[in-house]
Amino acid sequence: MKKLFTCTLLFITITLGVVKTAKAQDPQADAGTYMTAISTAETDMNKAYMAYISASAHSSRKRKIEKLRNVAVDNIVICQNTITNLPPYKGDNSLRQSSLKFIQLCYKIFNDDYTHIVNMDDIAERSYDEMQAYLLLEQATNDSLEMGNKRIAVAEKAFAAKYGVNLISERTELGDKMEATGRETRYHDKVYLLFYKCNWEDNQLTEAVNQKNVTKIEQVRSALDKYAIEGLKVLDTLKVFDNDGSLANACQQALNFYKTEAETQAPQLTDYFMKEEAFNKLKATLDAKSADQRTQQDVDAYNKGVNDINAAVNTYNQTNQQLNNGRNDVINTWNATEKQFMDTHTPYYK
């Protein structure tokens, strides 16, 4: 398979708020200060994670990205320790426990489950089904994070109402950037699967051609045509992302190529293999006869077969070259467009 650029990210959507106490109190007994201590620890964790997301999208330095992932994991541990060491507020452990559950989920995902969730390179070499399963796992993980965040919001509101704390919802730069990353990831994955499905079948077609397996070529060709047509229909109804249609356009260009390959060029390859098989049988029959047994009709048929197979070879070579050039074009265009798309729409954060 041609190496494809991919950068798939998990995301946490955090809504941070401003806490105002109903009246001045001693910091040790003030519910607003208690909530701020938890919120501050969570914010520091999310800042480290957003820096990792930004590096993953904008940098090609694997060591730097892995270093920032480790920093993100370390900050999850620091956040967990900070909140663990925070005693319940007046015996009320609800807010603290809700936050700890979410932080423990983050740790499990970004540390224990990391190799299963972001090991894209191995998965991309296997099959469309495994890639789809990977992206579904990623989405399920994101859903779990989102549900955990909603539980924190519910616990926070209940805690604030119980202790007379005035919560003012306010959008923050960090929250906006994490939300934007989530939107981009969902859009990217939807388009990427359309591209990957056809790209996978195209690789199967190349393998079948190399094996000269006419039956497999026909099976894969039919599937490729079906998936390309289905994908183009989805793209026709897909809205652009923040006035940027580049990713969908690159996918459309690729799918049109795969559709033409399946409907026009693959049959030419199959035709060559059938003609080659027929010529080999003709040659074997002629070779089985001694020179004095060969009739003029045998010789004429063989010479015609030579002309036909030579013409078929030329057509085959031209078609193969066109396909190879087309593949390189659509893959290079996709890789460059995908990288530019993610570079443009993934927020920068340090």
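**Close-up 1. Asp202, Glu261 and Arg327 join up in a network of salt bridges.** The model is a predicted one, where local features need pLDDT of at least 70, side-chain atom pairs count only at pLDDT 80 or more, and totals for chains, interfaces and linings use all residues. Residues are numbered from 1 along each chain as its sequence is written, and side-chain values use heavy atoms, with hydrogens and water left out. For a salt bridge, a side-chain nitrogen of Lys or Arg has to sit within 4 Å of a carboxyl oxygen of Asp or Glu. By that rule the count is 14 salt bridges. In general, side chains of opposite charge can pair when their charged atoms come close.

**Close-up 2. Asp242 pairs up with Arg183 in a salt bridge.** The closest N and O atoms of this pair are 2.9 Å apart. Asp242 sits in the loop between helix H8 (214-237) and helix H9 (246-287), while Arg183 belongs to helix H7 (residues 173-211), so the pair ties together parts that are 59 residues apart in sequence. Helices here are DSSP runs (H or I, at least four residues), strands are runs of E with at least two, and both are numbered from the N terminus. Asp242 is partly exposed at 44% relative accessibility, and Arg183 is partly exposed too, at 34%. As for the cut-offs, buried means under 20% relative accessible area, exposed means over 50%, and partly exposed is in between (1.4 Å probe, protein chains only).

**Close-up 3. Helix H9 holds the pair Glu263 and Lys259.** Their side chains meet in a salt bridge, 3.2 Å from N to O. The two are four residues apart in the helix, so about one helical turn separates them. Glu263 comes out as partly exposed, with 36% relative accessibility; Lys259 is partly exposed at 26%.

**Close-up 4. Asp287 and Lys283 also sit in helix H9.** Here the salt bridge between the side chains spans 2.9 Å, N to O. With their positions four residues apart in the numbering, Asp287 and Lys283 are about one helical turn apart. Asp287 is partly exposed at 45% relative accessible area, and Lys283 is partly exposed at 32%.

**Close-up 5. Thr319, in helix H10 (residues 296-345), is a buried residue with polar company.** Its relative accessible area is just 2%. The side chain of Thr319 makes a polar contact with the side chain of Gln268 at 2.8 Å. A polar atom of the Thr319 side chain also lies 2.8 Å from the backbone oxygen of Thr315. A polar contact is a pair of N or O atoms within 3.5 Å; within protein, one must be able to donate a hydrogen and the other to accept it, and residues adjacent in sequence count only if both atoms are side-chain atoms.

**Close-up 6. Arg61, Lys64, Lys67 and Lys350 make up a positive surface patch.** Patch members have over 30% relative accessible area and no salt bridge, with like charges joined within 9 Å. Lys67 is part of helix H2 (residues 62-84), and at 60% relative accessibility Lys67 counts as exposed.

**Overview. The protein has 10 helices and two strands.** Starting at the N terminus, the elements run β-α-α-α-α-α-α-β-α-α-α-α. Of the 350 residues, 46% count as buried.

How values were computed
Patch = residues over 30% accessible without salt bridge, like charges linked within 9 Å, V, L, I, M, F, W, Y side chains within 5 Å. Areas by Shrake-Rupley, 256 points an atom, 1.4 Å probe, with all protein chains shown as cover. Lys, Arg positive; Asp, Glu negative; His and termini not counted. Charge placed at Lys NZ, Arg CZ, Asp CG, Glu CD.
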